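Trainee: I'd like to learn how to read a few features of this structure with you. Could we take them one at a time?

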Amino acid sequence: MIRYENPLVFGAGAANFDINCIIKEPPLVMKDSNLVSMVASSGGVTRNILENLARLGVQSAMLSAYGDDAYGDRLRKDAENAGIDMSRVRLCQGVSSSSYVSVQDADGDMAVAFCDTSVLGNIDPAYFDSYKADVCKAKVAVCDPSMPIDLLEYFIFNTAEDVPVFLDPVSTNFARQCIPLVKGVDTIKPNRMELEAMTGHSTATEADLRIACEKMLELGARRVVVSMGRNGCYLMDRDGLEIRRQFKPIENMANATGAGDSFMAGLIYGFVNGLSDTEALDCALATGTIAVLSEHTIEPNLSVEMMRNTIAKYRM
Ligand SMILES: Nc1ncnc2c1ncn2[C@@H]1O[C@H](COP(=O)(O)OP(=O)(O)OP(=O)(O)O)[C@@H](O)[C@H]1O
Ligand SMILES: [Mg+2]
């Protein structure tokens with residue numbers, strides 16, 4: 001078991017067991033049994049960010065819950081093999097671990113997905129309180145809105161109150177629920193759609209994008225970093241810093257899943273290593289590029305060296 005005394009990064013969120021079903025004989029037929037190929041892996045936004053960080057050599061620990069089932073066992077083993085400290089994750093007797101089942105159409109688009117993160121209902125403020133002293137020694141806390149929103153609020157404002165919080169809004173639906181929490185957040189990383197959902201402002205032009213980011217800062221974040229797929233990213237902070245950055249776009253992505261998680265990990269890597277904002281964005285763009293070039297959600301060979309080589313190769 002991995003246990004770091006003072007992890008640099010704490011992540012609070014779901015560790016999901018993901019099952020991705022790819023239809024073998026399209027189209028998908030409802031109310032019937034469909035032949036699929038099934039691929040199982042460990043997922044969950046915060047867990048994925050921590051795995052990327054661990055592969056970049058950043059000591060990272062998770063706060064979450066899993067059940068005493070085969071999925072929970074696999075989640076813990078996968079995370080520990082990747083280098084994540086799971087020693088504080090709550091093991092709950094007689095309940096199912098978080099799982100996410102998605103069904104993919106022949107064209108690669110998601111047809112439908114099912115998500116059960118109810119095990120996180122076994123986490124309460126007292127659980128977070130018991131690790132507050134550890135979290136407060138970390139350099140960054142990272143979270144996503146997959147846990148009940150009042151619990152996320154408690155984590156941000158009470159547990160991680162002295163630590164910069166990085167938040168990924170994950171989806172437009174979750175993003176809207178996150179609006180009251182933004183004032184407790186150091187850095188928020190929406191994609192364009194999430195930024196629009198949270199600020200009610202278009203991001204159609206670069207001028208619109210700037211206004212939407214100003215609105216996000218008005219909601220209370222110290223800094224907003226918008227990830228924009230092949231168009232790179234845009235950073236704005238409360239001190240008036242603005243950076244627009246882009247690497248060479250990848251035309252033939254091997255797998256788009258996980259790009260946002262890897263981008264966030266690169267950003268946090270830069271922050272905990274004291275890099276400038278521009279350098280941190282280069283790390284984020286590099287880890288995002290690595291993710292879309294990899295057929296895996298998280299590139300298993302990700303390393304600082306690979307990130308550095310990617311910056312050298314793809315920076316424009
Ligand atoms: N086609 C591409 N070419 C180059 N880089 C890409 C491409 N697609 C994504 N990226 C990189 O990945 C980062 C994150 O991607 P994106 O903005 O799509 O995040 P997201 O919408 O949060 O993704 P996710 O669906 O994983 O949550 C981008 O900022 C960029 O660095
Ligand atoms: Mg995302």
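Mentor: Happily! Let's begin with one term: two strands pair if DSSP finds at least two bridges between them. Keep in mind as we go that this is a predicted model.

Trainee: How many bridges link strand 12 and strand 13, and in which sense do they pair?

Mentor: Strand 12, residues 223–227, pairs with strand 13 in the antiparallel sense, over five bridges. To see the register, look across the pair: Val224 stands opposite Met236 in strand 13.

Trainee: And what links strand 13 to strand 14?

Mentor: Four bridges, again in the antiparallel sense, with strand 14 covering residues 242–245. Here Leu235 stands opposite Ile243 in strand 14. Strand 13 and strand 14 form a hairpin with four residues between them, and Gly240 in that turn has a positive phi of about 90°. Strand 12 and strand 13 also form a hairpin, this one with five residues between them.

Trainee: How should I think about the two faces of a strand?

Mentor: In a regular strand the side chains alternate between the two faces of the sheet. In strand 13, Cys233, Leu235 and Asp237 are on one side, Tyr234 and Met236 are on the other, and all are buried.

Trainee: Why is strand 13 described as largely enclosed by the rest of the structure?

Mentor: Because five of the five residues of strand 13 (residues 233–237) are buried. For that label, relative accessible area has to be under 20%.

Trainee: Is Gly229 buried or exposed?

Mentor: Gly229 counts as exposed because its relative accessibility is 67%, and the cut-off for that label is over 50%. Gly229 is found in the loop between strand 12 and strand 13, where its phi is positive, about 55°. Try a distance check too: the C-alpha atoms of Gly229 and Leu285 are separated by 9.6 Å, although the two residues are 56 apart along the chain.

Trainee: Let's turn to the ligand. Which residues come nearest to ligand 1?

Mentor: Of the 17 residues around ligand 1, the nearest are Asn191, Ser227, Gly229, Ile250 and Gly260. By type, the shell divides into eight nonpolar, seven polar and two charged residues.

Trainee: Which polar atoms should I look at around the ligand's oxygen atoms?

Mentor: Start with Asn191, where a side-chain N or O atom is 2.8 Å from an oxygen atom of ligand 1. For Ser227, a polar side-chain atom lies 2.9 Å from an oxygen atom of the ligand. With Gly232 the backbone takes part: one of its N or O atoms lies 3.2 Å from an oxygen atom of ligand 1. As for cover, ligand 1 taken alone exposes 630 Å², and the protein buries 81% of that. The elements that give two or more residues to the shell are helix 9 and helix 10 (277–293).

Trainee: How many residues of helix 1 are buried?

Mentor: Helix 1, residues 45–55, is mostly covered, with 10 of its 11 residues buried. Among them are Val45, Ile49, Leu50 and Leu53. The cover over these buried residues includes strand 1 (9–12), helix 2 (70–82) and helix 9 (259–272). After helix 1 comes Gly57, with a positive phi near 80°.

Trainee: And what about a loop residue such as Ser98?

Mentor: Ser98 lies in the loop between strand 6 (90–92) and strand 7 (99–104). Ser98 counts as buried because its relative accessibility is 0%. Leaving aside residues up to four places away in sequence, Ser98 touches several others, including Ala14, Phe17, Leu75 and Asp116.

Key
Residues are numbered from 1 along each chain as its sequence is written. Chains are lettered from A and ligands numbered from 1 in the order in which they are written. This is a predicted model: local features need pLDDT of at least 70, side-chain atom pairs count only at pLDDT 80 or more; totals for chains, interfaces and linings use all residues. Side-chain values use heavy atoms; hydrogens and water are left out. Buried means under 20% relative accessible area, exposed over 50%, partly exposed in between (1.4 Å probe, protein chains only). Contact means heavy atoms within 4.5 Å. A residue is near a molecule or strand if one of its heavy atoms lies within 4 Å of it. A polar contact is a pair of N or O atoms within 3.5 Å; within protein, one must be able to donate a hydrogen and the other to accept it, and residues adjacent in sequence count only if both atoms are side-chain atoms. Accessible areas come from the Shrake-Rupley method with a 1.4 Å probe; for residues, only the protein chains shown count as cover. Ala, Val, Leu, Ile, Met, Phe, Trp, Tyr, Cys and Pro count as nonpolar, Asp, Glu, Lys and Arg as charged, and the others, Gly among them, as polar.
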